[in-house]
Every structure is written in C-alpha cells, then in structure tokens.
Amino acid sequence: MTRAAPARSTGRTGAATSSLSIGEVLATLRPEFPDISISKIRYLESEGLVEPERAPSGYRRFSHADVARLHYVLAAQRDHYWPLRVIKDALDAIDRGLAPPAPLERPGVPTAVAVLGEDGMPDPASFRRDGEGLRLTRVELVESAGVDPELLASLEAYGLLGSVGNDFFDADALAVARTAGELTRYGLEPRHLRAIKTAAEREVGLVEQVVATMARSRTPDARGRTEEAVRDLSALMVRLHVALVRASLPRVR
C-alpha cells in the first residue's frame, strides 16, 4: 500500500545534519526500489515531483520530507501503475492538506477534519489542529460540505465565509458551510445567520482585549502563552454559547 507523502517542506535549512546528498538518497531508497537510479531521481526532480535545495557548491541536498515524497512517487508507480500526471495531482492534494487518494479514487478531506466535537459543534482547539493547512477548491468545498453552489455563494455574500489565498477555502470555511447546510433543513437561510456572525465578531473582540497585554510581552514564551490563551478562550466561548442556548430553549417550547 502506498503510504502518505508529507506535505511539501517549506522550511528546510540545507544543513548537512538535516539533509542528504543524492547518493545518500539513492542508498536509502534502493533496498525497497532496486531499480532506482540517480538519473531517475533527477528526472523526477525535473518533472517537479520533488524540489531539493541546492548547496552553495551546487550539489543537491534532500530533506527527509523530500525522501518520503520520492518514496510515495515510486510506490505509486510500482503498486498502482499511476502515471506521473496522476501522482502530481495526488501530491498537490496532499500539499493542500487533503487525505491522499486510494487507487482509482480522488483525494478526500481528512476524516479528522470532518469530526465534530460534543454537542455537534467543532471544538475550536482540536478542529484547528486537525485541519491545519487544509485548502479546498470551490468544488471540493461544495462536495465535502454537502451543500449546493448557490448556498455557498449566499454564505459568501452575507460574509459568513470567504476564501483564502488563491481562492482556496480552509477548515473553518468547511465547518461553516457544513453547519449552514444542516441548518437549511430547518428553513434557516444565510440571511438569518448573519446575527450569529455578528455575535461571533463581538466574542472575538473580547478575546482580543484579554490577550492584548500578553501579545505585547517580549518574554520568550509570550507567543506560546498567547496562542494557548486564544485556544482556551475560544473553547470557553463555545461552551458558554451552547449553555446559554440550552438555558433559553425551555422558554420557546
């Protein structure tokens, strides 16, 4: 079975202690892929499937992520007979945070991203961690959220979600679209949900007030403490919101 390839590395240092020469890469891969050669590695590089750094001397330096990526390519060719075009599409999907596809299937949204927490709502801390780096095209968002394009367009028009760089949608957009889609079964349309968006923006303002002092601190652990406070406050806000809605429900029964 082809194992998952890591997303494309963006922070390689090129240091000798954390990178490999093309010969070392060859020695690493050859036990499992006896037919691998330096020319094959160079060819895969020329096709854009791996992008090793270049040392000042001009020699290629491969990170461990590069090696894992090459392993994925070679295994996909050997086990599933995928052409390079299909492998490129699979790697692009993996780079965007999607789950790698099974043979003859399309890439899909990772299961962890689709799981909601208690009360049918995503836990802000765990959801953001599970969906880190997820980037969906418009078509993928529509399919993954189970909504139609008209509803997605309406959610955008009312400012309930939006795309990020290069017209991709992230894990938060997926959560909003999926939940809004479920609410339409009760006759609630995006125009009705604008009030929830306004309330959420006010809650964000409260969080920003609380962590403002923390964020200005110059201590080494300031950033970590600020991020932890934001996660904790977000989870508490969601919990309080659910509790208040439940407490008010008997009045409308």
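Lysine 88 and glutamate 47 form a salt bridge, with their closest N and O atoms 3.7 Å apart. Lysine 88 belongs to helix α4 and glutamate 47 to the loop between α2 and β1 (53-54), so the pair ties together parts that are 41 residues apart in sequence. Lysine 88 counts as partly exposed because its relative accessibility is 34%. Glutamate 47 is also partly exposed, with a relative accessible area of 29%. The structure is a predicted model, and the values in this report are computed from it.

**Salt bridges**

The count of salt bridges comes to eleven. Three of them are listed here, among them the pair described above.

| Pair | Closest N to O distance |
|---|---|
| Lysine 88 and glutamate 47 | 3.7 Å |
| Arginine 78 and aspartate 79 | 2.8 Å |
| Aspartate 92 and arginine 96 | 3.2 Å |

The bridge between aspartate 92 and arginine 96 joins a partly exposed residue to a buried one: aspartate 92 has 40% relative accessibility, whereas arginine 96 has 6% and counts as buried, since the limit for buried is under 20%. Salt bridges that share partners join Glu32, Arg78 and Asp79 into one network. Within this network, arginine 78 is partly exposed at 37% relative accessibility, and aspartate 79 is partly exposed at 29%.

**Nonpolar cores**

The largest nonpolar core consists of 25 residues, and Val25, Ile41, Leu70 and Ile87 have the most contacts inside it. Four elements each give two or more residues to this core: α1 (22-29), α2 (38-46), α3 (64-80) and α4 (84-95). Helix α3 supplies the largest share, seven residues.

Which residues does isoleucine 41 touch, not counting those up to four places away in sequence? They are Ile22, Val25, Leu26, Ile36, Phe62 and Leu70. Of these, Val25 and Leu70 are themselves named among the residues with the most contacts inside the core.

A second, separate core has 20 residues, including Leu98, Val142, Leu174 and Ala180.

**Packing of α3 against α4**

Two packed helices are described by the angle between their axes and the distance between the axes. For α3 and α4, the axes come within 10 Å and cross at roughly 140°. That angle makes α3 oblique to α4, because roughly antiparallel requires an angle over 145 degrees. The crossing of α3 and α4 is right-handed. On the α3 side, the contact is made by Arg69, Tyr72, Val73, Ala76 and Gln77. On the α4 side, the contributing residues are Leu84, Ile87, Ala90, Leu91, Ile94 and Asp95. Ile87 is also one of the residues with the most contacts inside the largest core.

**Helix α7 and the loop after α9**

Helix α7 spans residues 138-145, and its buried residues are Glu140, Leu141, Val142 and Ala145. Val142 is also included in the second core. The cover over the buried residues of α7 includes α8 (149-157) and α9 (171-183). Just after α7, glycine 146 adopts a positive phi of about 70°.

Further along the chain, leucine 188 is found in the loop between α9 and α10 (190-216). Is leucine 188 buried or partly exposed? Leucine 188 counts as partly exposed, because its relative accessibility is 33%. Leaving aside neighbours within four places in sequence, leucine 188 is in contact with Leu183 and Leu193.

Notes: Residues numbered from 1 in each chain as written. Predicted model: local features only at pLDDT ≥ 70, side-chain atom pairs only at ≥ 80, totals over all residues. Heavy atoms only, no water. Core = buried A, V, L, I, M, F, W, Y, C linked by side-chain atoms within 4.5 Å. Buried < 20%, exposed > 50% of the residue type's maximum accessible area, 1.4 Å probe, protein only. Contact = heavy atoms within 4.5 Å. Salt bridge = Lys/Arg side-chain N within 4 Å of Asp/Glu carboxyl O. Axes fitted to C-alpha atoms, helices over the stretch in contact; angles between N-to-C directions. Parallel < 35°, antiparallel > 145°, perpendicular 65-115°, else oblique. Left-handed = near helix turned anticlockwise from the far one by under 90°.
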